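Hi,

Here is the structure I said I would pass on. Have a look at it first, and my notes follow underneath.

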Amino acid sequence: MNEHGRSESDKDFDVSGVAPAGPLHGERADGFKSGFVSFVGRPNAGKSTLTNALVGSKVVITSSKPQTTRTVVRGIVHRDDAQLILVDTPGLHRPRTLLGERLNDLVKTTWAEVDVVAVCFPANEKIGPGDTFIVKELSKVRRTVKVAIATKTDLATPEQIGEHLLAIQALGAETGTEWAEIVPVSAKSGDQVQLLADVLTGMLPEGPPLYPDGELSDAPEEAIVAELIREAALEGVRDELPHSIAVVVEEMGLREDRPEDKPLLEIHAWLYVERDSQKGIVIGHKGSRLKQVGTDARMQIQAMLGTPVHLDLRVKVAKEWQRDPRQLRKLGF
């Protein structure tokens, strides 16, 4: 293992260490950097929006509802001087369910394996107990470089941003966390997004690119499709519903009887909820709500994959799945 926690063999293998990455996707000048950055923060701190802004494409779902990210999705930023691989984790929180415990374990495991952990603090909200809890947990991870990001600066005044930056600095001192940098940024307006990319790149180790040019995420297409469907289902539902929704893509493939110049991607997916009453909410009056979810999801999937899509969406009840180990495994957690 080197100082960044990678073995020498990692140079020749992809992230999972299973399949060779092949030729290093073109010769790179000396000094080329590649590495992993994890965005963390309490739920709804702007991590997913920031990931998408840096990648320049939608690779993780965003929602006004907290705790919508459940899987570690890597977004890949390609630069002339570096390849920046962004690891978007669930928001760390005090867990109330088995699902919550598993998501927290996932976050902490990720922290120890990346080159940089960047903590997101929304500039339009005061530092709170949730932020302190996260930074205290992060302070236990000794070797990883730590960066603080003041997100959502478009929602705060210059005075608020100034006070926020001082509060972030004070939280670092209070918890014994040394911030390598503190960067204010707005993913929505794009303000200082490029600066943040430069700052993060400067902290990466030298190394070859780990992914081919043009690849934006290592998540399977089925996983991204499932997340886009779940994002559409989260919009406009009651506050308690987001944590109860899971999506599984059962089948996905091109329809065989179509000419090559008129492809149609067929997707069959199940949308799982925990109770019969929630099933009614998701389906809506005479199916109107589910139809809208299907339309919104289909448009997002078509935009991402560049292929016309037929989406067959069904709703099923999986009783209290967030607390059931067997059902969690079935749903991919």
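**Two helices and a sheet**

Let me start with a helix contact: Ile 281, Val 282 and Ile 283 of H7 touch Ser 288, Arg 289 and Leu 290 of H8. By residue type, that contact comes out as four nonpolar, one polar and one charged. Before you read on, keep in mind that this is a predicted model.

As for the geometry, H7 covers residues 276-283 and H8 covers residues 288-305. The two helices pack at an angle of about 65°, and their axes are 5 Å apart.

Now the sheet. What is the strand order, and is the sheet open or closed? It is an open sheet of three strands, ordered E7-E8-E9, with mixed pairing. E7 (246-254) and E9 (309-317) are the edge strands; each has a single partner strand, so one side of each has no neighbour in the sheet. From one strand to the next, the twist averages 15°.

How many bridges join E7 to E8? There are eight, and E7 runs antiparallel to E8, which spans residues 265-273. To pick out one of the pairs, Glu 251 has His 268 in E8 as its bridge partner.

Back to the helices, this time against the strands. H7 lies across E8 and E9, and runs at about 155° to E9. H8 also packs on the sheet, where it touches E7, E8 and E9. The direction of H8 makes about 135° with that of E9.

That's what I have for now.

Cheers

How values were computed
Residues numbered from 1 in each chain as written. Predicted model: local features only at pLDDT ≥ 70, side-chain atom pairs only at ≥ 80, totals over all residues. Heavy atoms only, no water. Axes fitted to C-alpha atoms, helices over the stretch in contact; angles between N-to-C directions. Helix = DSSP H or I, 4+ residues; strand = E, 2+ residues; numbered from the N terminus. Contact = heavy atoms within 4.5 Å. Nonpolar A, V, L, I, M, F, W, Y, C, P; charged D, E, K, R; others polar. Pairing = 2+ DSSP bridges.
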